[in-house]
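Hi,

Here's the structure I said I'd pass on. Have a look at it first, and then read on for what turned up.

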Amino acid sequence: MEHLMAFLMIFTHPELLMLVAVGTFAGVYVGAIPGLSVTMAASILISFTFSWDVYPALALMVGIYMGGVYGGSRTAILLNIPGAPSAIATAMDGYPMAQRGEAGTAIGITTTMSFFGGFVGILVLALAAPWVSEFALKFQPRDYMLLAVLGIFLVGSLSQGSLTKGILAGALGIAIGSVGRDPLTFAERFTFNMPLMEPGISFIAVMIGMFGVSEALLQLHHVGQPAIKQKITRIVPSWSTIRKHLPLSLQTSSIGVIIGALPGTGGDIAALMAYDHAKRVTKKPSRPFGQGAIEGLVAPETANNAAVGGAFIPMMTLGIPGDAVTAIMIGALYIHGLNPGPMLMVEQPNMFWFIVGALVMANFFMLIFGLTGIKLFTKIVAMPRPVLIPLIMLLSIVGAYAVNNSITDVYWMLGFGIFGYMMRHYGYPLGPVILGVILSRLLDDNWRRAIISERGDLGRFFGGLFSSPLSTVLLLAVIAIFVSQTPIWRWIKTKLFGRNSRSLEP
Amino acid sequence: MKRVLIGAVAALALGTGAALADGYPSKEIQGVIQWGAGGSTDTVMRSVTPHAEKTLGGTVVMQNMTGGVGAIALNSVASKPADGYTLLMGAENPLLYKVMGLGQKDYSDFTPVDILARGTAVLVARPGVPFDDYKSMIAYIKAHPDEVRFGATGPGGLPSVVTAMMDSVEGKLPVISVPYDGDGPALTALQGGAIDVMPAVLGAALESIRAGKMKPLAVFEEKPNPLLPKVPAVVSFNEDYAKYLPWGPFFGVFVKKGTPEDIVTKLSDAYKAGAESPDFQKLMDGRGYTIMNISGPEAEDFLSKWQSNTTWLLQDAGLTKASPEKFGIPKPGN
Amino acid sequence: MSTHIDPDQHDGTSDATPGGYEKQRRPGEAIFALFMLLASLGLLWSAYGIAGFSSLSSPGAIPMATTAVMVIAAATVLIQTVKRPRVPGETFVKNILPGVVVLFVALLVCYGALLEPLGFLPTSAIFLVIAFKVLWRRNWLVTLGVAAFSLLLIWLIFRIVFTVLIPEGVVPEAEIIQFFRNLLSGGAA
């Protein structure tokens, strides 16, 4: 009963409700602007809400978080520039839709599906948090490494043209991710003895450059053409559309919750994995993937919003942050005199239920703001290109600077912008580069941890893979996906089932 | 309407710093935090600064600047004019940059405004390990060489210093050192069983210890910590530790050397008052930090002692890139 | 009207549909492929320099593995590219790097160089005015007006709301903000 009161607290206090609304609204815009991140917003809110009570402060942060994760999809769809890393996959099919004048439909689906995913995440948080966190803790370095390897296989899904070029791009991404001083040993890697290389290359700077600046440079080719007319007649997707994608969205939401709950992986990886999953399981997409498939929007958007609820699971049950934003919230709880940790749920279950309530409200506000502001947003694409292009460039520059207050990041951003422009012209996919950068640390750090834990002995390392059921399952998944993506599988299939089975190949 | 809104937003975002008619601060002050958002340095700085602002009568805009174990932030502040408008909000790491080959500058290029607080190191183990205190752990490690996995956070981090202390007191311990990029991820790994023992700062492990998710083996103090009265001090197991203690990571606010003295005094007074506020004291006590709140020669003295102790300890453990001698850091006790 | 994706552009308008041709080679593509191979080789050499073949858990292990993959992939791409015939009718200057793109790359490089010494506001103002003037060709009043309005908006969001300390250069931004703050607090008191 008391828990119910805590859960309902948000609904009975208009000022708290108001703060969640304001937070969500601000979050949508923070998320939409590349370079402004929820992490930044949340850490500013710490000093801003310092003198407040803890509940209003959390209400605002929860709203920003939920809105921000969703907001990244806006610019991804409208401008082909993901506002946040978790929206990279959204651009793959969202932008082609906007190019057909279906930005309204795309945003409508994105919003509804984000709501759905967010809701699944909250549900799991509310009902199964202790079990999920226990499961998440079971992940050993070798399991994280296997997860990273699984992630690397996504290169196949993200490279529409030549797979070889995709592999080259993905490997380049991993190399970019390891530039600078190695955080584990402080050894210099790819620094060429230049001090400016030591801090490494900001992943956000690479993303903004490759998607923002290179897109703006490409648009210069079409500067004379009129903007695409967007028809925004039907925004809320029909019930049958939603029902049709229900099985897929449940699967991708589950991916989102689990990847979100793992400390060390977040919404960005979840969204990419979900996109890959959708490509694998969808037999007949509404359109081919990469040309405006609805499934290509459903998957990443359910997953990244489900990851929000997921990220709260280890935070609320163990005091372990699920991602950067929950890390800041843990700091906020400390400042407000609470002690986030395993005892929080035991000693102050109300705090848990309050956050669940706030998340539910933030999810609803996200739906409302998402479905109402579309006209204004689509005006952005309707802006004359001669105005839009320089503004994208300027925003990219400020955004890259804002990530770490570093002018070096601006140079990197510009460099990767020009490089990305050339890559696009010659058919090298950009998605795998970003994927590589995201997965670089996960792969590298955990590989080394796993090997060091086994005293550098490969035999013991492989023994370990089979001693834990979790590792074994992950290893089997890695092998299954590897085999199914390479010609070996086709060969076995023809051998076993004869020629007819070829038609079943995706 | 729009203009009123923007004005309101601006006013909210800027806070309502009272205006000072004369002199410093005549504009907003930039506070560069050496570590990322959500980290312990970040939390400490963001909670003390609003209190300091009240006394200072100005606004401090805080920014996180990460990378190079904090060296990026330090070098950035060092490149700004010494006018008191750029503060460095940092931890202990810069005192090790020179010997670790991470940079040419350290706190000797800065004037301490206030050393706010010091942390306590604690040795924790996952619940499943076959030892319950420091003594039985040492015995177990010696009986089972290369089996116990210790968490580490890179050369110069707290675990490396604590491990160096243990090596120097107990003789080289045969353990596997598994590197993590911070004590948060390492403590998570400890709870998941990926590592067995982790030297950590008390504040980071406290709640998990209370919940029984981690086993405390010893606190690295001369006396038990009031927050964990039952956990023995490491000195009670081996008195040789006394020569290194008290030791702990610390947080401080700094300005570039050459900043006018009255400005440093004004800042010191402000942060001193900030650190005395009950809110901040409660936060620090609750997380197991010892408030120091020192400035001036006292702080300078603390820094040079800390540096000489720690760098020579690491030097003797063979963990440094260059000898402290090269940088004129005296051997402790000389 | 481009209400559909123009299949003739081949410039990778969307990342999901990369540019380039399947069976032909664009101007400069072979040289780019060669550049990728040389860069990969350079990175492999640099990765070897991190820790050599010292151990599986060295900080150089994964970098060496990935750069080796890069070299193999880049070599394959180069061979495939060289074998293909040139796209008829395309030239590097017209289709890959037209004048306006070169101009904007130059503008961006100048922007990067001037940002720190000159400060964010003046650099951005100059950039926007030149860019609008080149692309938009409207009169000075409209150009200056739109540039000023959008710059102010960006500045307010980043500098005031998000307190991002963008280089202020020659403009005494902090003093100006303090002036307004004094006004506000004066008004409130």
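Where the two chains meet, 44 residues of chain B are in contact with 38 residues of chain A. Keep in mind that this is a predicted model. Between them, chain B and chain A bury about 3,600 Å², and carbon and sulfur atoms account for 62% of that area. On the chain B side, three residues are worth clicking on: B:Arg46, B:Pro179 and B:Glu207. Together they supply 16% of the area that chain B buries against chain A, more than any other three residues. In case you wonder about the choice of number, the size of an interface is often given as the accessible area lost when the parts come together.

Now for chain A by itself. You'll find 24 helices and two strands in it. How does its radius of gyration sit with its length? A compact globule of 506 residues would have a radius of gyration near 23 Å, and chain A has 22 Å, so the two agree. Along its principal axes, the C-alpha trace of chain A spans about 65 × 65 × 55 Å.

Inside chain A, 67% of the 506 residues are buried. If you take the contacts in chain A between residues at least 6 apart in sequence, 78% of them join residues at least 24 apart.

On the outside, chain A exposes about 16,700 Å², with 69% of it supplied by carbon and sulfur atoms. As for charge, chain A carries 31 positive and 23 negative charges, and the mean positions of the two sets are 15 Å apart.

Cheers

Technical notes. Residues are numbered from 1 along each chain as its sequence is written. Chains are lettered from A and ligands numbered from 1 in the order in which they are written. This is a predicted model: local features need pLDDT of at least 70, side-chain atom pairs count only at pLDDT 80 or more; totals for chains, interfaces and linings use all residues. Side-chain values use heavy atoms; hydrogens and water are left out. Helices (H or I, at least four residues) and strands (E, at least two) are DSSP runs, numbered from the N terminus. The radius of gyration is taken over C-alpha atoms; the globule rule is 2.2 Å times the number of residues to the power 0.38. Buried means under 20% relative accessible area, exposed over 50%, partly exposed in between (1.4 Å probe, protein chains only). Contact means heavy atoms within 4.5 Å. Accessible areas come from the Shrake-Rupley method with a 1.4 Å probe; for residues, only the protein chains shown count as cover. Lys and Arg count as positive and Asp and Glu as negative; His and the chain ends are not counted. The place of a charge is taken as NZ of Lys, CZ of Arg, CG of Asp or CD of Glu. Buried area is the accessible area (1.4 Å probe) that two parts lose on being put together, summed over both.
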